[in-house]
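The following exercises are to be solved by inspection of the sequence and the model. Each task is followed by a worked solution.

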Amino acid sequence: MPNGEAARVTPAELAAAASRRTILASFKGICQPKSMRPELSRMHDGKSLIMLCTEKTQSKHWDYKTLMLSSVFAVAPAGNGLHSFRLVEAIFFGAIPVIVDDEVILPFCSVLDWRRFSVRIRQSQIRQLPEILRRIPRERIAEMQARLAVVKRKFLLFPFNTAMALMNVRVKEALAAKGVPPAG
């Protein structure tokens, strides 16, 4: 779950952001040398692609919250764990996550169709990222942004409730597979 700015973004801020998402895609984070993140930073053009390594001086000119609220897409490259916290942060900020991780385990992947509200590219496609994103029609972007709000509300605002509901579904499926009738 997000912490910091993403957890405190208000509905009013999200509504205001809808008309000022002028940055095609953004990323701001630590650029480990052996990751694809330095490749992202080479795409930085200061206008439509804001790709920043936090260890470089230029990143200090971009406030993370403002950057995320101004971006149509938020790039979520491979992290150090099973998934990147940027996925959920992007959803909370209303930016469409761009998953650049060949091995990521997506949260709630058994019940969420991530293709409806995110873009996924292979790590080998990183250089084509700007063209891939520019080819997505505005109507599709609007659909994905609307779906982000639903996913946030139904699955991410109350993760404990979601986890318990998923466990309940799995228990019912397991019992049904063993021929146990549902409880009345």
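**Exercise 1.** Determine how many disulfides a search of the whole structure finds.

*Solution.* Step 1: the criterion is a pair of cysteine sulfur atoms within 2.5 Å. Step 2: the search yields one disulfide. Step 3: the partners are C31 and C53, with sulfur atoms 2.0 Å apart. Step 4: C31 lies in the loop between β1 and α2 (37–41), and C53 in strand β2 (residues 49–53); the pair is 22 residues apart and links distant parts of the chain. Step 5: the angle about the S-S bond is -90 degrees, and the link of C31 and C53 is left-handed. Step 6: C31 and C53 are both buried, that is, under 20% relative accessible area with a 1.4 Å probe, protein chains only.

The model is predicted: local features need pLDDT of at least 70, side-chain atom pairs count only at pLDDT 80 or more, and totals for chains, interfaces and linings use all residues. Residues are numbered from 1 along each chain as its sequence is written, and side-chain values use heavy atoms, with hydrogens and water left out.

**Exercise 2.** Examine the surroundings of K28 and identify the nearest side chain of opposite charge.

*Solution.* Step 1: K28 belongs to strand β1 (residues 23–29), strands being DSSP runs of E with at least two residues, numbered from the N terminus. Step 2: K28 is buried, and the nearest side chain of opposite charge is D63, 6.6 Å away. Step 3: K28 has no salt bridge, a term that requires a side-chain nitrogen of Lys or Arg within 4 Å of a carboxyl oxygen of Asp or Glu. Step 4: the K28 side chain reaches the backbone oxygen of W62 at 2.5 Å.

Technical notes:
Helix = DSSP H or I, 4+ residues; strand = E, 2+ residues; numbered from the N terminus. Buried < 20%, exposed > 50% of the residue type's maximum accessible area, 1.4 Å probe, protein only. Lys, Arg positive; Asp, Glu negative; His and termini not counted. Polar contact = N/O pair within 3.5 Å; in protein donor to acceptor, adjacent residues only side chain to side chain.
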